[in-house]
Amino acid sequence: QNPTEPDARIRYYRESGVPVAAINGLVPSGTYGGGNWAGYDGGPYGFNQAVIDFEADKTTPIKMDLSHELSEALDSVFINLTIENVTTDDFTLGDGRLHVVIYEEEIIFSTSPGSNGERDFYDVMRKMLPNVNGFDLPTIKAGETFELNYAAPLPTYFYNYGEAGILSLVQDE
């Protein structure tokens, strides 16, 4: 229903393989953090509880608070995001981007819509805001915040608007 945006992100990450999973900005390889990436770097199969625990012990310089509300007519979403620099140093990235994604949490078909038999789909990306390139993320001074209040039209191809979700991530391109 929206192949252009997912295809653009797949091309961006295709260095390792698809699907690929990064954690804290790193595409893991080998036995990083207790995982096992014998097939290809960042393969989701390499993640296990040891990797999650290893990364959970690390801190991040920013805190993100994200909320959203759908319009009564289900034609728009209103997004409120605050990124707080929780350190005593300025938070700056070489090419900092903020990606905000509208997704559908769960889509369950009674019969497979394709030829591989899959019927259950989770966290389906529906729209990237404002586009696949995201928003410019400026330097956030120590102890200060960056706020994004954004209204966007909801895609018309949702199966269930009750499953609408928003996620955000900060990336150094």
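**Fold, salt bridges and a negative patch in a predicted model**

Read from one end of the sequence to the other, the protein chain runs α-α-β-β-β-β-β-β-β. That amounts to two helices and seven strands. The model is a predicted one, so the numbers that follow describe computed geometry. Along its principal axes, the C-alpha atoms of the chain fill a box of roughly 50 × 45 × 25 Å. Of the 173 residues, 31% are buried. The chain exposes about 10,300 Å², and carbon and sulfur atoms supply 49% of that area. As for how the chain meets itself, take the contacts between residues at least 6 apart in sequence: 62% of them join residues at least 24 apart.

Leu-81 gives a good look at the interior. This residue lies in strand β2, which covers residues 76-85. Leu-81 counts as buried because its relative accessibility is just 1%, and the cut-off for buried is under 20%. Leaving aside residues up to four places away in sequence, Leu-81 touches Met-64, Asp-65, Leu-66, Leu-98, Phe-146, Glu-147, Leu-148 and Ser-168. Ser-110 is another matter: it sits 29 residues from Leu-81 along the chain, and the two C-alpha atoms are separated by 36 Å.

On to the charges. The chain carries 10 positive and 27 negative charges, and the mean positions of the two sets are 6 Å apart. Side chains of opposite charge can pair when their charged atoms come close. Here the count of salt bridges comes to four, and three of them are described below.

One of these salt bridges joins the side chains of Lys-127 and Glu-5, with an N to O distance of 2.7 Å. The pair links distant parts of the chain, since Lys-127 is in strand β4 and Glu-5 is in helix α1 (residues 4-13), 122 residues apart. Lys-127 is partly exposed, at 26% relative accessibility, while Glu-5, at 7%, counts as buried.

Asp-136 and Arg-97 also form a salt bridge, and their closest N and O atoms are 2.0 Å apart. This pair, too, ties together distant parts of the chain: Asp-136 belongs to strand β5 (residues 135-136) and Arg-97 to strand β3, with the two positions 39 residues apart. With a relative accessible area of 57%, Asp-136 is exposed. Arg-97 is buried, at 12% relative accessibility.

A further salt bridge brings the side chains of Glu-55 and Lys-58 together at 3.3 Å, N to O. Glu-55 is buried, with a relative accessible area of 5%, whereas Lys-58 is partly exposed at 41%.

Finally, there is the surface patch. Glu-105, Glu-106, Glu-118, Asp-120 and Asp-123 gather there in a patch of negative charge. Strands β3 (96-108) and β4 (120-129) are the elements that give two or more residues to this patch. Asp-120, one of the patch members, is found in strand β4. Its relative accessibility is 33%, so Asp-120 counts as partly exposed. The two strands turn up in the salt bridges as well: Arg-97 is in β3, and Lys-127 is in β4.

Conventions:
Residues numbered from 1 in each chain as written. Predicted model: local features only at pLDDT ≥ 70, side-chain atom pairs only at ≥ 80, totals over all residues. Heavy atoms only, no water. Patch = residues over 30% accessible without salt bridge, like charges linked within 9 Å, V, L, I, M, F, W, Y side chains within 5 Å. Areas by Shrake-Rupley, 256 points an atom, 1.4 Å probe, with all protein chains shown as cover. Lys, Arg positive; Asp, Glu negative; His and termini not counted. Charge placed at Lys NZ, Arg CZ, Asp CG, Glu CD. Helix = DSSP H or I, 4+ residues; strand = E, 2+ residues; numbered from the N terminus. Buried < 20%, exposed > 50% of the residue type's maximum accessible area, 1.4 Å probe, protein only. Contact = heavy atoms within 4.5 Å.
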